[in-house]
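Colleague: Got a minute? I have the model open and some quick questions.

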Amino acid sequence: MQEQLYQEAVALLKQLIETPSFSKEEDQTAELIIAYLDKYQVPTKRLGNNIIAKNKHFDDAKPTLLLNSHHDTVKPNPKYTLDPFKAIEKDGKLFGLGSNDAGGCLVSLIATFIYYYEKENLKYNVMLVASAEEEISGYNGIEAAVNILPPIDFAIVGEPTKLQMAVAERGLMVLDCTAHGKAGHAARNEGENAIIKAIKDIEWFHSYRFEKVSELLGDSRMTCTVIETENKQHNVVPSSCKYVVDVRLNELYSFEEILDAIRQNVSSEVKPRSTRLRSTSISLDHPIVQAGIAMGKTTYGSPTTSDKALMPFPGLKMGPGDSARSHTADEYIYLHEIEGGIKDYIEIVGRVVI
């Protein structure tokens, strides 16, 4: 059966690649996923562009495992040399937008769900959510889906990790900062230059080190990525200077602790865009992690965020492909990675649910 599921997974992935599915525009790929599950007579529930399915013998009295990955993509990297919406198979690779992030993971998890769909007497229910809006951390993606799911005990989140286990991932908080000064004429040395105030604060962001360092994720990092003023003329001292800080925190800090330290040390006005994308981790003693360790898999902390950040239950991030290929020009996944993904997902799930 696994060979058939592999062949079907590759065929489905080719369809997904050739169907544009930018975040918030995933309606056509949602239909493709529903149509594929229909072939196996799997009832589905659709919430926006999120597709939800339960195993045939779902039992409310049992704990539940969620299999999740996303079917939205970023827009193509401008340096593409191939057609991003054409699935090209060459030299053992499948090229196309979303092939690696996270199409290979998604079709492998769908295959795994189908493998267990009709099995009876499992220790856990198995649910599938093919989610939307992951690439923009949208409110109508997994966060909305979780609100209508039955209680979930833990999840496998499909993201390209070379099939190793990301047991922790950094949180993300984006800060909009404004340094305030006073306008004046540059020739007369008037005003209070907001740029100078901003520079002092930006230097603090650059050099400050938080005390608690994670064994999995290292230190928490802050990086200024954008700076601008309202000025259009060279001879006006700017009254305000706006800049953006990208904050990646480890699992040892909360957003509130980070914000408190920042506000005690900078004079700029600081506003977080969101405090939703928290740092997460799953215990090394968790049965799904122990199952992976027994299979010879390694554990590590991931520097990138995923839908796992929006799940109020433990999650293991693992999947075929390589995160280094995500969002790159001429994105691809190796076909053997998909085959291995299906095999390893089936085995790691089986070690827990059977």
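Modeller: Sure. This is a predicted model. Let's start with Ser302, which sits in strand β16, residues 299-302.

Colleague: Is Ser302 buried or exposed?

Modeller: Ser302 is buried, because its relative accessible area is 3%, and the cut-off for buried is under 20%.

Colleague: What does the side chain of Ser302 make a polar contact with?

Modeller: With the side chain of Lys317, at 2.9 Å.

Colleague: Which other residues is Ser302 in contact with, leaving aside neighbours within four places in sequence?

Modeller: Besides Lys317, there are Ala166, Ala168, Glu169, Arg170 and Leu217.

Colleague: Back to Lys317. What does Lys317 stand opposite?

Modeller: Val157. Lys317 is in β17, residues 315-317, and that strand pairs with β7 in the parallel sense over three bridges.

Colleague: Which other strand pairs with β7?

Modeller: Strand β3, residues 64-70. That pairing is parallel too, over four bridges. Leu67 stands opposite Ile156 of β7 there.

Colleague: Which way do the residues of β7 point?

Modeller: Phe154 and Ile156 point one way, and Ala155 and Val157 the other way. All of them are buried.

Colleague: New topic: pockets. How much space lies in the largest pocket?

Modeller: About 670 Å³. The elements giving two or more residues to its lining are β9 (171-180) and β16. The largest share is three residues, from β9.

Colleague: Which residues lie nearest the centre of the largest pocket?

Modeller: Glu134, Arg248, Thr304, Thr305 and Ser306, out of 30 lining residues. By class, the lining has eight nonpolar, 11 polar and 11 charged residues.

Colleague: Now the backbone. Which peptide bond is cis?

Modeller: The one from Asp101 to Ala102, with omega near 0°. Ala102 is in helix α3, residues 99-117.

Colleague: Why point that out?

Modeller: Because most peptide bonds are trans, and most residues other than glycine have a negative phi.

Colleague: OK, phi then. What is phi of Lys24?

Modeller: Near 75°, so a positive value in a residue other than glycine. Lys24 lies in the loop between α1 (2-17) and α2 (27-39). Lys24 counts as exposed because its relative accessibility is 56%.

Colleague: And what about phi of Asp330?

Modeller: Also a positive value, near 55°. Asp330 is in the loop between β17 and β18 (332-334).

Colleague: Is Asp330 buried or exposed?

Modeller: Asp330 counts as buried, at 17% relative accessibility.

How values were computed
Residues are numbered from 1 along each chain as its sequence is written. This is a predicted model: local features need pLDDT of at least 70, side-chain atom pairs count only at pLDDT 80 or more; totals for chains, interfaces and linings use all residues. Side-chain values use heavy atoms; hydrogens and water are left out. Buried means under 20% relative accessible area, exposed over 50%, partly exposed in between (1.4 Å probe, protein chains only). A polar contact is a pair of N or O atoms within 3.5 Å; within protein, one must be able to donate a hydrogen and the other to accept it, and residues adjacent in sequence count only if both atoms are side-chain atoms. Contact means heavy atoms within 4.5 Å. Two strands pair if DSSP finds at least two bridges between them. On a 1 Å grid over the protein atoms alone, a cavity is a set of points where a 1.4 Å probe fits but cannot get out, and a pocket is an open set with protein on both sides within 12 Å along at least five of seven lines; lining residues have an atom within 4 Å of a point. Grid points are joined across faces, edges and corners, and a volume is the space filled by probe spheres set on the points. Ala, Val, Leu, Ile, Met, Phe, Trp, Tyr, Cys and Pro count as nonpolar, Asp, Glu, Lys and Arg as charged, and the others, Gly among them, as polar.
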